[in-house]
Amino acid sequence: MILKVSQKINSCGWRKQLIINFEEKTITKGAFLFHSGDIDNVSATQYKQFIEHFKNNGFSVMEG
């Protein structure tokens with residue numbers, strides 16, 4: 001299963017995004033990875049919490 005998470009759009013028009021792959025236990029993070037996500041408009045704090053939660057559960061993080 002893959003979960004796509006997007007942060008709110010910043011003042012430059014970009015948004016940080018995560019692709020969380022539960023089968024491979026990986027997180028891919030980047031500025032523009034997909035057009036529409038499963039979870040949109042998360043705050044910067046929530047974005048960091050997603051990463052920390054999954055890292056604490058054995059997921060590895062990669063730049064996209």
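Let me start with one pair of strands. Strand 1, residues 2–7, and strand 2, residues 17–21, run antiparallel and are joined by 5 bridges. Within that pair, isoleucine 2 of the one stands opposite asparagine 21 in strand 2. I should say now that this is a predicted model.

Next, the sheet as a whole. That pair belongs to an open sheet of 5 strands, with mixed pairing and the order 4-1-2-3-5. As general background, strands of a sheet pair through backbone hydrogen bonds, and the pairing can be parallel or antiparallel. Which strands stand at the edges here? They are strand 4, at 39–42, and strand 5, at 60–63. Each has a single partner strand, so one side of each has no neighbour in the sheet. On average, neighbouring strands are turned by 20° against each other, with direction ignored.

Now the helix. Helix 1, residues 44–56, packs on this sheet and touches strand 1, strand 2, strand 3 (26–30), strand 4 and strand 5. Its direction makes about 25° with that of strand 2.

That brings me to the core. The largest nonpolar core has 10 residues: Leu3, Val5, Leu18, Ile20, Ile27, Val42, Tyr47, Ile51, Phe54 and Phe59. Strand 1, strand 2 and helix 1 are the elements that give two or more residues to it. Helix 1 supplies the largest share, 3 residues. In general, nonpolar side chains tend to be buried together in soluble globular proteins.

One core residue to finish. Leaving out residues up to four places away in sequence, phenylalanine 59 touches Ile20, Asn21, Phe22, Lys25, Thr26, Ile27 and Phe54. Of these contacts, Ile20, Ile27 and Phe54 are also listed in the core.

Technical notes. Residues numbered from 1 in each chain as written. Predicted model: local features only at pLDDT ≥ 70, side-chain atom pairs only at ≥ 80, totals over all residues. Heavy atoms only, no water. Pairing = 2+ DSSP bridges. Helix = DSSP H or I, 4+ residues; strand = E, 2+ residues; numbered from the N terminus. Axes fitted to C-alpha atoms, helices over the stretch in contact; angles between N-to-C directions. Contact = heavy atoms within 4.5 Å. Core = buried A, V, L, I, M, F, W, Y, C linked by side-chain atoms within 4.5 Å. Buried < 20%, exposed > 50% of the residue type's maximum accessible area, 1.4 Å probe, protein only.
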